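This report introduces a structure to a reader who is meeting it here, and it turns in order to a charged pair, a cavity and a surface patch.

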Amino acid sequence: DRAEQIIEALNTDLANAYVLYHQLKKHHWVVEGAEFRDLHLFLEEAYEHVEVGADRHRRALHRRSVALPVSGMEALSDRATVEHEGEDVYDIRTSLENDLEMYGDVIEDLRDHIELADNLGDYTTEDILQSDVLKNVEEDAHHIEHYLEDDTLVLEEATH
């Protein structure tokens, strides 16, 4: 029963990671504007962090069960608690706001799953999620907050 709870939580985190990964990668390729280069490089680094975290989730799942981690776009979409913004292309400020919102949801789920692992006595999973995954996710979300400060990105009102 404990293993099933952890597996369920890790599969949700894995699905969320892939949704976030694809959204960040999309924004990496469509970013434009005054801070194009810095944002392009940051978004690449951010989606790489998410990919590393997803890999850690897959390894943790493998160690805890003989079942394969959730995979396939339909299964990932069904399992995820976050939703991709879709195919539309937005200005970078809106894109980053969407990313920050998704990061907030991912962070909330990760914290809940860290608490679950602790309550179930799965201290290895707790440590993996807290020190390896949550730390990077929170740091990247913090960087997005800085990019969204009023004095960094050109606001629409400033261009008219």
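A salt bridge is counted where a side-chain nitrogen of Lys or Arg lies within 4 Å of a carboxyl oxygen of Asp or Glu. In this predicted model, the side chains of Glu 85 and Lys 26 meet in such a salt bridge, with a distance of 2.7 Å from N to O. This pair links distant parts of the chain, since Glu 85 sits in the loop between α3 and α4 while Lys 26 belongs to helix α1, 59 residues apart. In total, the structure holds five salt bridges.

A search of the whole structure finds one cavity of 30 Å³ or more, and the volume of the largest cavity is about 140 Å³. Its lining is made up of 18 residues, and those nearest the centre are Ala 17, Val 50, Gly 53, Val 133 and Val 137. The helices below each supply at least two residues of that lining, with α2 giving the most, namely seven residues.

| Helix | Residues |
|---|---|
| α1 | 2-30 |
| α2 | 36-64 |
| α4 | 92-119 |
| α5 | 123-147 |

On the surface, Glu 101, Asp 105, Glu 108, Asp 112, Glu 115 and Asp 118 gather in a patch of negative charge. One of these residues, Glu 108, lies in helix α4, a helix that also contributes to the lining of the largest cavity.

Technical notes. Residues are numbered from 1 along each chain as its sequence is written. This is a predicted model: local features need pLDDT of at least 70, side-chain atom pairs count only at pLDDT 80 or more; totals for chains, interfaces and linings use all residues. Side-chain values use heavy atoms; hydrogens and water are left out. Patches are made of residues with over 30% relative accessible area and no salt bridge: like charges are joined within 9 Å, nonpolar side chains (Val, Leu, Ile, Met, Phe, Trp, Tyr) within 5 Å. Accessible areas come from the Shrake-Rupley method with a 1.4 Å probe; for residues, only the protein chains shown count as cover. Lys and Arg count as positive and Asp and Glu as negative; His and the chain ends are not counted. The place of a charge is taken as NZ of Lys, CZ of Arg, CG of Asp or CD of Glu. Helices (H or I, at least four residues) and strands (E, at least two) are DSSP runs, numbered from the N terminus. On a 1 Å grid over the protein atoms alone, a cavity is a set of points where a 1.4 Å probe fits but cannot get out, and a pocket is an open set with protein on both sides within 12 Å along at least five of seven lines; lining residues have an atom within 4 Å of a point. Grid points are joined across faces, edges and corners, and a volume is the space filled by probe spheres set on the points.
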